[in-house]
Amino acid sequence: MRAKTSAEIEAMRQGGKKLAQILQDLAAQTQPGVSPKEIADMAAAEIKKAGLQPVLQGYEGFDNVMCISVNEGIVHGMPGKRPIKEGDIVNLDLTVGYKNLILDSAVSVYAGLTPPADVKRLLEGTRKALEAGINAIRGNGTRVGDISAATQDVLDRYKLGIIRDLVGHAIGDKIHEEPNIPNYGVTGTGPVLPAGVTLAIEPMASLGDWHIDTAKDGWTVVMRDGSIGAHFEHTVLVTEKGAEILTAL
Ligand code: MF3
Ligand code: CO
Ligand code: CO
């Protein structure tokens, strides 16, 4: 974790907007009949066109520019060729570099017209947990536990399983930097977050139990009980007074 200069912050704003536009377009393309591989190919083309760096390609051996995870797959999915079906829940997680600074954002979308009530609860609860985590950043002096407690509070209220073995983190020079930002915790505890640092906040939740496994492909993180998972992520800047979402339009 390192406070960024104003020029770096401006670069991350610009890169973050480009990422957000691409992610929104990919979400609109996430429809029954389209494969994750096809969505990821669109992402690769758009990353190139926007002058972004595909930093995930080759990261720890990952062989794509983005992660796409379906249903009980919650994160780190290697985009596959099997077409998305009506009713699938698809997580799109896009990581890019811009001027050598890294940005990361994810959304989970329902492929179909009207999600069933439990899926609606999952998507809304996880999205609101992200919002609450960001709103818990009160500027210079915010502690990690403040964010964690805020995300946990929402996920608990929505009666969702909180993934414990995967966490948010600082980001910028590398994809994953210290400190970790768990999605459960206690207000007023943990490392202090000074203004100027950039964080990936990313609640991950399920309709069932919180335990996870790694799928046979060696990448996709799946819910052990086969329940459906969701994940929303933004890269944010801690400011003097609060937080600024860098990966928003
Ligand atoms: N985008 C992921 C995150 O939010 C990182 C994926 S790393 C991979 O932390 F190797 F699994 F792709
Ligand atoms: Co991500
Ligand atoms: Co992350």
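The following paragraphs describe two cobalt sites and one open sheet in a predicted model. Local features were required to have pLDDT of at least 70 and side-chain atom pairs pLDDT 80 or more, whereas totals for chains, interfaces and linings use all residues. Residues are numbered from 1 along each chain as its sequence is written, chains are lettered from A and ligands numbered from 1 in the order of writing, and side-chain values use heavy atoms, with hydrogens and water left out.

For the cobalt ion (ligand 2), the protein donors (N, O and S atoms within 2.8 Å of the metal, or 3.2 Å for Na, K and Ca; water is not among the atoms, so sites may look incomplete) are D93 (OD), D93 (OD), D104 (OD), D104 (OD) and E233 (OE), which lie 2.0 to 2.6 Å from the ion. The donor residues of this ion follow the sequence spacing D-x10-D-x128-E. Because D93 belongs to strand 3 (residues 89-98) and E233 to the loop between strand 14 (229-231) and strand 15 (234-238), the pair ties together parts that are 140 residues apart in sequence; strands (E, at least two residues) are DSSP runs, numbered from the N terminus. D93 counts as buried at 6% relative accessibility, and E233 is likewise buried, with a relative accessible area of 0%, where buried means under 20% relative accessible area, exposed over 50% and partly exposed in between, for a 1.4 Å probe and protein chains only.

The cobalt ion (ligand 3) is separated by 4.2 Å from the cobalt ion (ligand 2), and is coordinated by H169 (NE2) and E202 (OE) at 1.8 to 2.0 Å. H169 lies in strand 7 (residues 168-170) and E202 in the loop between strand 10 (198-201) and strand 11 (204-206), so that this pair ties together parts 33 residues apart in sequence. Both H169 and E202 are buried.

Apart from the metal sites, three strands form an open sheet in the order 2-13-12 with antiparallel pairing, two strands being taken to pair if DSSP finds at least two bridges between them. The edge strands, each of which pairs on one side only, are strand 2 (73-75) and strand 12 (212-214). Neighbouring strands of the sheet are turned by 45 degrees against each other on average, direction ignored, with axes given by lines fitted to C-alpha atoms and angles running from 0 to 180 degrees between N-to-C directions. Strand 2 and strand 13 (residues 221-223) pair in the antiparallel sense over two bridges, and V222 in strand 13 is the bridge partner of G73.

Key
Helices (H or I, at least four residues) and strands (E, at least two) are DSSP runs, numbered from the N terminus.
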